[in-house]
8 protein chains.
Amino acid sequence: LRSGYPETIFSQGKTVEQVVGIARRLLEKNVNIMATRADRNVYEALQAIGESVEYHAAARIAVINRQPVPPTRTTILVMCAGTSDIPVAEEAAVTAEVMGNRVERLADVGVAGIHRLLAKRKIIQSASVLVVVAGMDGALPSVTAGLTDKPVIAVPTSIGYGASFGGLAALLTMLNSCANGVTVVNIDNGYGAGYAASLINRMADRAAGTSQNPPL
Amino acid sequence: LRSGYPETIFSQGKTVEQVVGIARRLLEKNVNIMATRADRNVYEALQAIGESVEYHAAARIAVINRQPVPPTRTTILVMCAGTSDIPVAEEAAVTAEVMGNRVERLADVGVAGIHRLLAKRKIIQSASVLVVVAGMDGALPSVTAGLTDKPVIAVPTSIGYGASFGGLAALLTMLNSCANGVTVVNIDNGYGAGYAASLINRMADRAAGTSQNPPL
Amino acid sequence: LRSGYPETIFSQGKTVEQVVGIARRLLEKNVNIMATRADRNVYEALQAIGESVEYHAAARIAVINRQPVPPTRTTILVMCAGTSDIPVAEEAAVTAEVMGNRVERLADVGVAGIHRLLAKRKIIQSASVLVVVAGMDGALPSVTAGLTDKPVIAVPTSIGYGASFGGLAALLTMLNSCANGVTVVNIDNGYGAGYAASLINRMADRAAGTSQNPPL
Amino acid sequence: LRSGYPETIFSQGKTVEQVVGIARRLLEKNVNIMATRADRNVYEALQAIGESVEYHAAARIAVINRQPVPPTRTTILVMCAGTSDIPVAEEAAVTAEVMGNRVERLADVGVAGIHRLLAKRKIIQSASVLVVVAGMDGALPSVTAGLTDKPVIAVPTSIGYGASFGGLAALLTMLNSCANGVTVVNIDNGYGAGYAASLINRMADRAAGTSQNPPL
Amino acid sequence: LRSGYPETIFSQGKTVEQVVGIARRLLEKNVNIMATRADRNVYEALQAIGESVEYHAAARIAVINRQPVPPTRTTILVMCAGTSDIPVAEEAAVTAEVMGNRVERLADVGVAGIHRLLAKRKIIQSASVLVVVAGMDGALPSVTAGLTDKPVIAVPTSIGYGASFGGLAALLTMLNSCANGVTVVNIDNGYGAGYAASLINRMADRAAGTSQNPPL
Amino acid sequence: LRSGYPETIFSQGKTVEQVVGIARRLLEKNVNIMATRADRNVYEALQAIGESVEYHAAARIAVINRQPVPPTRTTILVMCAGTSDIPVAEEAAVTAEVMGNRVERLADVGVAGIHRLLAKRKIIQSASVLVVVAGMDGALPSVTAGLTDKPVIAVPTSIGYGASFGGLAALLTMLNSCANGVTVVNIDNGYGAGYAASLINRMADRAAGTSQNPPL
Amino acid sequence: LRSGYPETIFSQGKTVEQVVGIARRLLEKNVNIMATRADRNVYEALQAIGESVEYHAAARIAVINRQPVPPTRTTILVMCAGTSDIPVAEEAAVTAEVMGNRVERLADVGVAGIHRLLAKRKIIQSASVLVVVAGMDGALPSVTAGLTDKPVIAVPTSIGYGASFGGLAALLTMLNSCANGVTVVNIDNGYGAGYAASLINRMADRAAGTSQNPPL
Amino acid sequence: LRSGYPETIFSQGKTVEQVVGIARRLLEKNVNIMATRADRNVYEALQAIGESVEYHAAARIAVINRQPVPPTRTTILVMCAGTSDIPVAEEAAVTAEVMGNRVERLADVGVAGIHRLLAKRKIIQSASVLVVVAGMDGALPSVTAGLTDKPVIAVPTSIGYGASFGGLAALLTMLNSCANGVTVVNIDNGYGAGYAASLINRMADRAAGTSQNPPL
Ligand SMILES: Nc1ncnc2c1ncn2[C@@H]1O[C@H](COP(=O)(O)O)[C@@H](O)[C@H]1O
Ligand SMILES: Nc1ncnc2c1ncn2[C@@H]1O[C@H](COP(=O)(O)O)[C@@H](O)[C@H]1O
Ligand SMILES: Nc1ncnc2c1ncn2[C@@H]1O[C@H](COP(=O)(O)O)[C@@H](O)[C@H]1O
Ligand SMILES: Nc1ncnc2c1ncn2[C@@H]1O[C@H](COP(=O)(O)O)[C@@H](O)[C@H]1O
Ligand SMILES: [Mg+2]
Ligand SMILES: [Mg+2]
Ligand SMILES: [Mg+2]
Ligand SMILES: [Mg+2]
Ligand SMILES: [Mg+2]
Ligand SMILES: [Mg+2]
Ligand SMILES: [Mg+2]
Ligand SMILES: [Mg+2]
């Protein structure tokens with residue numbers, strides 16, 4: 001169904017052997033592969049089966065790219081509120097890149113320093129779709145969505161303590177966002193946000209008449 | 001920012017007078033207006049100020065359309081699992097229509113009768129973006145997203161009893177969906193889903209080269 | 001302990017007779033009285049005992065002011081995100097006024113329209129202490145606190161639906177605020193916020209050397 | 001009461017010494033024994049008392065089978081949605097086998113790939129009772145129950161992250177299932193599901209007139 | 001799929017017109033119909049379309065029985081802890097009866113009066129499957145399951161106050177039951193319990209060689 | 001206030017040094033001391049300051065008994081449902097003993113095996129006050145309180161998994177108990193139960209005219 | 001089992017007819033009867049069957065006292081924090097009185113006015129057992145238990161708003177009380193507290209050698 | 001915005017390298033720096049870059065003070081209920097000191113020993129603003145606020161077990177406080193409380209006419 005897109009292996013809760021086994025089966029179909037939530041052991045085990053593997057440490061993603069995908073001209077912007085949210089933001093950004101998207105990144109633009117955020121208005125408004133990652137109070141997607149008329153995918157993170165309740169506070173904030181165009185994914189689900197953003201950015205790329213992607 | 005789009009008044013928790021007051025101020029700018037969560041009193045009060053108002057009873061939306069918007073050729077599909085989810089589905093569908101989208105509707109296709117759902121595969125696969133509405137177990141978006149490679153916006157509803165906890169069960173199901181391309185909005189938030197779907201379908205329409213919409 | 005301050009009767013959950021009874025006993029001490037959560041029946045019953053009563057309908061507060069308190073020169077700013085939050089904001093504002101404070105009001109400045117908020121920066125920065133009221137995503141206090149170096153008292157409201165869970169979402173957002181100087185009170189507790197703000201503004205007034213208040 | 005059935009020791013939260021002590025006492029009655037949630041230490045300690053012990057590592061069950069039980073002809077089907085749910089599914093399957101049931105297994109048939117599931121319709125419809133194990137969105141039992149007219153015992157697992165809240169999301173989904181014939185056990189309770197399925201399959205076996213089991 | 005079984009309409013959240021419309025469509029197929037959560041209005045509206053309708057007021061179920069089903073010889077026992085649980089117990093009992101089962105009822109046998117319960121041991125042990133309904137502490141299924149080797153379907157009810165949290169307490173108790181053979185359905189879901197019990201009792205009836213039911 | 005009673009040090013969350021420091025200060029007053037939640041390090045450190053210390057390993061309580069207290073003749077019965085609940089039960093039992101009470105113990109009498117429990121009716125009915133400890137479904141106090149007319153103090157434990165939610169399920173069961181005379185303490189709070197039982201048993205002892213205790 | 005004690009009918013969730021029916025059956029045994037959660041209709045229906053009924057409106061308890069019970073000399077003190085807690089406090093107090101206890105009452109002694117509470121130290125210290133009722137922050141039992149060495153039964157009430165979550169806040173406060181001798185009952189469960197206090201006060205009365213009660 | 005105030009680095013969830021990197025960038029602006037939630041590694045790494053660093057081990061705060069701030073004459077009182085709350089109290093106290101405030105400390109004054117608390121009334125009443133830290137039942141702020149007419153900032157801690165639910169119980173208690181002038185921060189958020197107290201105490205200092213602080 002998803003021609004041109006990589007097959008994904010969700011490594012969390014699987015043994016290295018299980019991941020490698022699934023990868024071998026998929027490689028027989030000659031597809032691109034992306035292993036998410038992959039630690040260094042997974043990366044090395046995939047290399048050991050003789051494949052050329054790229055490892056994105058911050059995103060914890062290992063990629064086997066047999067057929068390179070030309071990137072879109074339109075852009076996905078991946079933003080995050082704080083330094084500690086970067087791993088989740090990177091999971092989103094790398095997922096989108098592996099799926100053939102041009103990605104911009106913006107970190108450490110919390111809403112308590114609104115001027116730092118407003119100074120980035122141009123880059124915010126030039127993106128076709130935005131992934132906005134935040135823990136603690138989770139307020140960044142609301143403010144950001146007010147600055148653009150493009151879809152915003154909000155990703156709550158488990159960063160925080162006390163009444164953040166493992167990301168629940170940020171999740172609820174985002175679901176209750178008063179701004180138009182915001183949708184939400186699971187806590188820490190950078191992958192899901194990157195994937196959905198990718199589906200949308202493809203449309204934007206073709207709408208812009210600049211698409212180099214093969215048709216879905 | 002959102003030229004061509006209607007201004008929305010969220011009527012819930014406001015007096016009829018407040019809604020009318022806001023509407024008057026907006027009408028001075030000659031924009032289209034959509035009042036959501038509007039009961040019949042709001043509708044009649046808006047008529048009383050001499051405007052031509054359309055009332056969508058099931059969706060509880062009153063519309064003042066000063067400048068008609070030509071619809072997209074590409075389609076948003078709004079599906080729901082049960083009869084009782086229809087009001088939320090209608091809120092999404094009417095919102096999308098008012099924003100200039102062609103909308104298809106599909107009701108009563110719960111996952112416990114998978115063949116009724118599969119029989120609709122064609123209409124599912126011809127949509128550019130899907131809004132999938134479900135209460136109780138909230139499982140419909142997962143199955144549907146597996147049948148299409150387009151973005152799916154999942155809307156949990158407060159329909160149910162007991163351990164549905166006012167829609168919490170459906171919300172959690174959707175956030176934990178194992179299918180790619182699913183994002184989620186607040187419980188009963190048909191409006192938010194319709195709005196986000198509209199942002200995406202515009203791109204699809206232009207990508208298809210069929211757009212009659214004015215540029216955003 | 002709190003000389004110069006009114007005695008408060010929390011009317012919710014009390015019969016009109018109970019409220020009047022408590023008021024009579026307090027009036028013997030010749031103090032000012034403020035009945036919060038008071039509907040029109042309470043107001044009329046207090047008038048009926050021959051007192052001159054002021055009724056603040058939006059705030060649901062009835063006041064018997066035997067000894068007028070000269071207001072501070074320094075200001076408490078009471079802001080709220082949406083129209084539906086006004087009753088809670090008014091409870092805070094009227095409480096503060098009855099306690100002898102100059103109060104400014106700012107309504108309908110949600111974070112999704114950040115420019116409307118920024119346009120009010122001057123009034124925000126001239127207040128000595130701020131009460132910031134918001135339901136749904138509860139993000140306003142975080143942004144506001146970033147615009148001032150004065151204490152911000154955040155009041156979550158029960159306004160919203162679905163995953164707002166009766167104000168829980170806004171409460172958690174505020175407790176997790178990343179901005180400095182924010183403290184929080186109970187959901188819908190305009191009274192508590194107005195009272196605490198009043199304690200602080202008194203200090204500001206004396207610090208400014210402008211105080212007309214009797215010493216605490 | 002449960003003649004023919006093994007005695008079960010729930011090892012979790014007990015010391016190896018406690019488990020061995022209980023086993024010794026039970027063996028005096030010459031019954032079959034099954035230790036659940038048993039790690040390798042328990043297994044080895046049971047061997048050390050001179051018994052012939054079978055260890056099912058994936059299920060974490062150690063079995064001492066003094067009196068072999070002839071299996072039923074009718075079948076219990078144990079299905080699971082993902083690779084990571086296998087330990088819980090195995091706990092159910094091995095429990096049922098030790099209790100004298102023929103068991104079929106089906107893994108990795110999530111609802112997002114509905115065709116993989118539908119391809120298994122025959123095996124689904126030939127079972128007398130089904131144990132359906134799923135984490136994350138927990139949607140598999142709803143869909144499966146729609147494909148059979150036999151009882152379905154749903155087992156939520158703690159597999160997932162973020163808003164899966166340790167299996168709560170899957171549990172709620174299953175309790176809210178819109179499909180007929182679904183009942184639910186505790187999160188990760190493969191044992192309980194296997195036991196209840198066994199009670200039902202016995203009836204099916206006798207109904208089919210094929211039973212080799214001694215009467216209960 | 002479910003030949004011989006009635007079609008069910010869940011009336012809650014539907015208008016009388018919607019229920020009647022669905023009933024008309026089903027009657028064209030000449031099947032038996034059961035409308036659950038049906039108040040007297042639904043009952044009368046169904047009569048008004050010229051059908052012979054039976055109304056079970058306590059169970060809130062209206063039945064149109066075009067083809068009578070001969071009852072099983074084996075028995076489903078429906079028990080409940082308190083008087084206030086009777087409506088839910090009746091929903092289970094009537095559902096099972098409409099589906100062609102012999103049903104026994106036992107009310108007001110709470111665990112705090114264990115001797116009243118033990119006095120009923122015979123009737124408990126002669127049932128092929130048990131539906132055990134309880135609110136508040138929800139402890140009855142645990143004790144009952146200890147008195148029988150047949151499957152027990154536990155139904156938590158929303159009866160109670162305070163920390164019963166609308167049936168959550170009873171639900172959790174039942175999910176954590178230490179007794180073998182217990183499975184659980186949603187809070188107040190008498191229908192689901194009656195249905196699942198019916199699937200099991202059919203097997204028992206055929207196992208007993210006494211079945212008069214047509215094959216499934 | 002509590003003459004004759006030991007001073008208690010709650011060791012959890014304190015360093016060994018802090019516990020020893022507090023003990024030294026208390027010993028100057030020549031009182032008996034009980035350190036709860038004390039691991040072996042605490043025990044040894046207390047010995048090292050030259051005191052004669054008794055260590056109750058299962059209860060994790062270390063006792064320095066300078067003035068022995070003669071035990072009551074009336075009895076506190078400490079019961080628990082499962083083997084894994086013993087540490088909490090022991091915390092209650094040892095606390096009561098240190099406070100000068102005669103204590104009986106009864107373990108492994110879960111409600112799913114009601115006859116094992118009923119066989120102990122005599123010992124249950126001869127106690128003056130009962131401490132009933134249970135995890136998982138927490139049903140034991142309800143049944144027990146039905147067998148006696150003496151006060152029952154229920155202690156939920158964190159034993160269990162899945163929907164036991166760290167003892168929450170058992171806590172709610174106990175708070176919702178339908179039996180008369182049941183009160184509840186915090187999850188795992190054996191100490192609190194033992195203490196409260198002790199206050200009550202003292203009265204029973206004096207009521208029985210057998211008291212050897214010094215007056216409170 | 002409970003000779004001398006009244007039989008209780010919990011009227012909530014029962015029809016007037018059901019309550020009267022149960023009362024009739026009990027009166028045949030010539031026992032005293034107490035109907036709790038009884039509104040005026042229940043009271044009048046009981047009178048109508050020709051019995052002499054006492055109605056305690058604030059407590060919502062109707063009593064048929066065929067055999068008067070002489071009161072204890074020792075005292076149960078029933079305290080509450082605020083005016084709105086009185087109905088729950090009265091349920092406890094009247095229950096205790098009907099069961100033959102001398103009861104003292106103390107209202108409106110919240111912890112925020114500690115001196116009003118301390119002024120009552122004498123009455124607090126002269127009680128044999130205390131029932132302490134509080135909503136909102138639920139802090140009163142902790143402070144009170146520190147002022148007495150007698151058992152304290154804490155009753156959380158559903159009084160409050162916002163983050164009181166229907167009494168959950170007060171319940172948790174009480175379960176976490178740092179004071180010795182505190183046990184807790186369900187939210188709003190005045191009856192349960194009065195009953196348990198009564199069991200304890202009987203012992204105190206006999207211990208004091210003053211008992212006029214018949215033996216249990 | 002916050003001239004004279006230190007810049008804060010929240011070290012939790014950051015690598016030592018990230019903290020040092022941020023510190024270096026800030027030091028270029030020649031400001032004071034405070035790293036909170038800093039373990040010894042962070043402290044040593046900061047020293048290693050050639051700065052003179054003060055480490056407050058109990059508070060887990062490392063300070064680089066380039067420009068010493070003269071302390072206020074007015075006082076912030078930081079109180080805590082138990083020994084285990086000291087780390088959070090120290091975080092508040094050190095934060096306030098680094099920001100140029102005179103700070104008093106009061107530990108181990110739980111509400112169950114009200115006289116120990118009342119003995120400190122003088123120190124309580126001489127503070128300009130109070131930070132009150134408590135875990136478990138969280139009742140201390142309510143009582144304390146009743147003893148002063150100054151603002152009280154309540155800090156719930158995660159200290160406790162069972163139904164303390166990681167500080168949730170204390171948080172809810174504080175939000176529901178019946179005392180005037182109480183506001184609340186996140187669980188364990190000593191920093192936030194110290195910061196907000198500092199903003200208020202500055203005003204008090206200037207009001208007292210004793211301020212040595214530079215103007216904000
Ligand atoms: N980080 C992630 N979080 C959630 N879902 C993921 C993630 N990475 C991959 N997935 C999903 O997991 C699927 C593969 O799961 P599995 O078959 O268990 O390896 C992919 O197709 C994705 O839908
Ligand atoms: N709207 C309010 N919300 C919360 N607390 C309030 C409110 N109004 C008054 N109070 C508090 O309630 C106290 C009076 O309570 P009462 O004695 O029940 O009338 C006042 O001193 C305040 O502390
Ligand atoms: N994996 C499991 N999960 C839940 N309950 C279990 C499990 N295994 C055994 N049990 C139950 O635990 C009982 C034995 O518990 P125990 O007496 O503590 O060894 C068995 O009779 C079963 O009812
Ligand atoms: N196991 C326990 N659980 C709860 N509270 C306890 C426990 N052991 C002692 N305590 C309480 O903790 C107090 C001593 O606390 P601390 O001053 O922190 O040592 C005692 O007076 C008891 O009230
Ligand atoms: Mg926008
Ligand atoms: Mg898809
Ligand atoms: Mg600020
Ligand atoms: Mg089925
Ligand atoms: Mg059984
Ligand atoms: Mg009893
Ligand atoms: Mg005490
Ligand atoms: Mg005060």
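1. Arg116(E) is partly exposed at 48% relative accessibility, a class between buried (under 20% relative accessible area) and exposed (over 50%), using a 1.4 Å probe and protein chains only. Its partner Asp108(E) is also partly exposed, at 37%. The two form a salt bridge with the closest N and O atoms 3.8 Å apart; the term requires a side-chain nitrogen of Lys or Arg within 4 Å of a carboxyl oxygen of Asp or Glu.

2. A word on the basis: this is a predicted model, where local features need pLDDT of at least 70 and side-chain atom pairs count only at pLDDT 80 or more, while totals for chains, interfaces and linings use all residues. Residues are numbered from 1 along each chain as its sequence is written, chains are lettered from A and ligands numbered from 1 in the order written, and side-chain values use heavy atoms, without hydrogens and water.

3. In chain H, Glu51(H) and Arg66(H) meet in a salt bridge at 2.4 Å, N to O. The pair links distant parts of the chain, 15 residues apart: Glu51(H) lies in the loop between helix 2 (40–48) and strand 3 (53–56), Arg66(H) in the loop between strand 4 (61–64) and strand 5 (75–80). Helices (H or I, at least four residues) and strands (E, at least two) are DSSP runs numbered from the N terminus. Glu51(H) is buried at 17%, whereas Arg66(H) is partly exposed at 33%.

4. Chain C pairs Glu90(C) with Arg105(C) at 2.7 Å between the closest N and O atoms, joining helix 3 (residues 86–98) to strand 6 (residues 102–106).

5. Over all chains, the structure holds 56 salt bridges.
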